[in-house]
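Before accepting the labels attached to a model, it helps to ask what each of them rests on. Please look at the structure below with that in mind.

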Amino acid sequence: MKDEHFIQFKKAKDLVEQRKYGEANKILENLLKKEPNDSFIKFEYAKNLLNIGYNEKAKYYFEQLMQIGDKKR
């Protein structure tokens, strides 16, 4: 993850802790567009989607992460 992306990732995590899920979601969604294969971003995005009630979309990303984990075994 690039340094500027890490800073944005940290900002999103801080916003989640403050329960500002909408703002965090915008940052995470933007980061995921820039780094679509980053598992950390994908995981945090999926968790945040659950926080705002987007269960099906979250499930999609969690399933992607599980497929990545299965390939590593």
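The turns that follow take up several of these labels for a predicted model.

Q: Why is Ile7 called exposed?
A: A residue counts as exposed when its relative accessible area is over 50%. Because Ile7 has a relative accessible area of 53%, it is classed as exposed. Ile7 belongs to helix α1, which runs over residues 3-17, and it is listed with Asp3 and Glu17 as exposed on the other side of that helix.

Q: What makes Lys11 partly exposed?
A: The class lies between buried, under 20%, and exposed, over 50%. The relative accessible area of Lys11 is 42%, so Lys11 is partly exposed. Lys11 is also placed in helix α1, and its C-alpha atom is separated by 9.7 Å from that of Glu23, 12 residues apart along the chain.

Q: How do you know that the buried residues of α1 line one face of the helix?
A: The buried residues of α1 are His5, Phe9, Ala12 and Leu15. Looking down the axis of α1, one finds these buried residues within an arc of 120°, so they line one face of the helix. As a general matter, residues three or four places apart point the same way because an α-helix has 3.6 residues a turn. The buried residues of α1 pack against α2 (21-34) and α3 (39-51).

Q: Why is Asn25 counted as buried?
A: The cut-off for buried is under 20% relative accessible area. Asn25 has 10% relative accessibility and therefore counts as buried. Asn25 sits in helix α2, and, leaving aside residues up to four places away in sequence, it touches Tyr45, Asn48, Leu49 and Ile52.

Q: What puts the buried residues of α2 on the same side of the helix?
A: In α2, the residues Ala24, Asn25, Ile27, Leu28, Leu31 and Leu32 are buried. Around the axis they cover an arc of only 165°, which means that they lie on the same side of α2. The face turned away from this buried side carries Lys26 and Lys33, which are exposed.

Q: How do you know that the span of α1 is close to the one expected?
A: The expected span is 1.5 Å times one less than the number of residues. α1, with 15 residues, reaches 21 Å from its first C-alpha to its last, close to the 21 Å expected. For α2, with 14 residues, the reach is 20 Å, close to the 20 Å expected.

Key
Residues are numbered from 1 along each chain as its sequence is written. This is a predicted model: local features need pLDDT of at least 70, side-chain atom pairs count only at pLDDT 80 or more; totals for chains, interfaces and linings use all residues. Side-chain values use heavy atoms; hydrogens and water are left out. Helices (H or I, at least four residues) and strands (E, at least two) are DSSP runs, numbered from the N terminus. Buried means under 20% relative accessible area, exposed over 50%, partly exposed in between (1.4 Å probe, protein chains only). The arc is that of the directions from the helix axis to the C-beta atoms. Contact means heavy atoms within 4.5 Å.
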